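Me: Please take a close look at the empty space inside this model, starting with whatever is fully enclosed. Then work outwards to the charged side chains, and keep it in one connected account.

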Amino acid sequence: MEILNLSLPATNRFATDYIAQTEEIMQFFHYRYNSDSDYKARLAELKGRSFMRNELSEYIGEFMDQFPASPAVHDSLNKLKQENSAVIIGGQQAGILTGPLYTIHKIISIINLAKQQESKLGIPVVPVFWIAGEDHDYQEVNHIFIEKNNKMEKMAYPEKVLEKKMVSNIPLNREKCRAWVEDIIETFGETEHTKDLLLSLEGIIMHSQTYVEFFAGIIMHLFKETGLLLVDSGDQKLRRLESSIFGKQIKGFEDITKRVKSQQQNLVNAGFPNAIDLSENAANLFYYDEKHKERILLEFNKEKKVFTGREQTHEFSMNELLEISENHPERLSNNVVTRPITQECLFPVLSFIAGPGEIAYWAELKMAFEWFGMKMPPIMPRLNITILERSVESDLRELGLDLQGVLVSGTKAEKDEYLRSIKNESIEAQFQKTKAQVKQNYELIEELTMKEVHALLPMLKKNEDLLIRQIDFMENKIQKSIQQKHEVIIMKYEKAENSLRPGGVPQERVWNVLYYLNKYGMNFLEELIEYSFHFDGTHKVIKI
């Protein structure tokens, strides 16, 4: 395995500037991600705060009992209990079959940074992955993409969920899931690793009752030897640990919203758009309606002085909501503003691993953190990785394509130029001449028709359009027949695009890890986990 470090722009301007750590950007954060002294300062800050370490460790241990484990996981649970320990944390939705590659990249980032900081600081540092199980956007997590007939196609899990259920509460139909997974693996083609991969996935399916359990089962199968800990933010037992945090958020909802809105204005003044869509009356919490199995975003009605959903179906006074937070915290969940704050109250976070979009919205939370008497942790940009297969690298070389250029812009421009170069210009010119003659002749016929049979003009126009379409059809047929002589080269352009920049977006937003596990086995992932990456903001190209 060879790794290249390339300088590529992030997917948004704010993240690009943040990676560069410009002074203009750093006013929105408390710590730099690339400063050893800032990590020491963060550690000192954590020592001045208290955490429910034992309760948290016990909860995580109980939650993870159902998933593949190792001595390293038990070591991490014990580390978490130690007063001088810290965590590296990041999270993502529970995508089916782990979702796009960036989820895997984020986990590798968490594990890698935890090992590095443990060595540097001489304290226990635990890798923690936060599953956003309370999210209810099923359409965002229910599919993966595969390459079929030289195109990327979506394969959605064959079961509809119409209600706004939390992903943690969506049951897994084991038989449907197993058949669906087999269909997906079949599209990859059989290799020496296929049988073991299918057996592993079938075992995980048989032990999973929900989407989150299926997701967590795969993650721990892949990463159990690293000591990674998992948390499901949609788990009712975790909510009980969050009871007092909810109470403080409810009492301070107005101040929290005002502070976020104020910070958003500061960002607009600096020339950056807002990442969080936030109402002036936002309560920054969801209420879970058990009867209808839906999460309802709460706002504060100033006239009635009650918390209510936008559809006005539920109303709570401040005292009623505080009573719920104390006695039924499982009915509440965080939104994008309060989730990071809850995470920081629960865990001694040394650093948070963030994707480009997360970096932008964390910048809006600085003043809200300060209201809680906390600082935001150093926000470490997750590793951006592209996997470059040898066959694709060979195609790039043959086509004379620059790897960095393809990662940024794909191959469409070069492919279009190649298609133009193989066109038979004489045939194209003759068809253009023929169409011009047809149009000219029809103009003369139209003049005669206007004088003699005016009512037939619409039919004449349709007849002309039909003839022109037929000429275009024949020209395309001939040109495509010419292209077929060069099909091997054209397919190389398309293969490179599909592999590295599918649909004009980064590979990590489309491809799923199963394709690579089926083709290369676990060895490639194990080697990737063990590699010591430099968190320097460069794009990592992994040659396999």
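Reply: For sorting lining residues by class, Ala, Val, Leu, Ile, Met, Phe, Trp, Tyr, Cys and Pro count as nonpolar, Asp, Glu, Lys and Arg as charged, and the others, Gly among them, as polar. The model is predicted, and local features are accepted only at pLDDT of at least 70 and side-chain atom pairs at pLDDT 80 or more, whereas totals for chains, interfaces and linings use all residues. Residues are numbered from 1 along each chain as its sequence is written, and side-chain values use heavy atoms, leaving out hydrogens and water.

The enclosed space comes first. The structure contains six cavities of 30 Å³ or more (on a 1 Å grid over the protein atoms alone, a cavity is a set of points where a 1.4 Å probe fits but cannot get out, and lining residues have an atom within 4 Å of a point). About 80 Å³ is the volume of the largest cavity, where a volume is the space filled by probe spheres set on grid points joined across faces, edges and corners. Its walls are formed by Ile19 and Tyr33, by Pro381, Arg382, Leu383 and Asn384, and by His534, Phe535, Asp536, Gly537, Thr538 and Lys540. Sorted by class, that lining has five nonpolar, four polar and three charged residues.

For the second largest cavity the volume is about 50 Å³. Ile19, Pro381, Arg382 and Asn384, already named in the lining of the largest cavity, also line the second largest cavity, where Ala10, Ala15, Ala354, Gly355, Pro356 and Ile359 complete the list. Helix 1 (13-20) and helix 16 each give at least two residues to that lining (helices, H or I with at least four residues, and strands, E with at least two, are DSSP runs numbered from the N terminus). By class, the lining of the second largest cavity has seven nonpolar, two polar and one charged residues.

Turning from enclosed to open space, the largest pocket (an open set with protein on both sides within 12 Å along at least five of seven lines) holds about 1,300 Å³. It is lined by 49 residues, and those closest to its centre are Gln93, Asp135, Arg295, Val336 and Arg339. Two or more lining residues come from each of strand 2, helix 6 (101-121), strand 7 (282-289), strand 8 (294-301), helix 15 (338-346) and helix 16 (356-362), and strand 8 makes the largest contribution, with six residues. In class terms, 17 of the lining residues are nonpolar, 16 are polar and 16 are charged.

The charged side chains form 30 salt bridges across the structure, each being a side-chain nitrogen of Lys or Arg within 4 Å of a carboxyl oxygen of Asp or Glu. One of them joins Arg53 to Glu83 at 3.9 Å, N to O; because Arg53 sits in helix 4 (residues 53-64) and Glu83 in the loop between helix 5 (71-81) and strand 2 (86-92), the pair ties together parts that are 30 residues apart in sequence. Arg53 counts as buried at 5% relative accessibility, while Glu83, at 65%, counts as exposed (buried means under 20% relative accessible area, exposed over 50%, partly exposed in between, with a 1.4 Å probe and protein chains only).

Helix 4 also takes part in the pairing of Lys237 with Glu62, whose side chains meet at 2.5 Å, N to O. This salt bridge links distant parts of the chain, with Lys237 in helix 11 (residues 236-241) and Glu62 175 residues away. Lys237 is partly exposed at 40% relative accessible area, and Glu62 is partly exposed at 45%. Within helix 22 (residues 457-484), Asp465 and Lys461 are four residues apart, separated by about one helical turn, and their side chains form a salt bridge of 3.8 Å, N to O. Asp465 is partly exposed, with a relative accessible area of 31%, and Lys461 is partly exposed as well, at 45%.

Finally, Glu2, Arg390, Glu393 and Lys543 are joined in a network of salt bridges. Lys543 belongs to strand 15 (residues 539-543) and is buried, at 10% relative accessible area. Leaving aside residues up to four places away in sequence, Lys543 touches Met1, Glu2, Leu4, Leu388, Arg390 and Glu393, where contact means heavy atoms within 4.5 Å. As for the chain that surrounds these features, 54% of its 544 residues count as buried, and its secondary structure comes to 25 helices and 15 strands.
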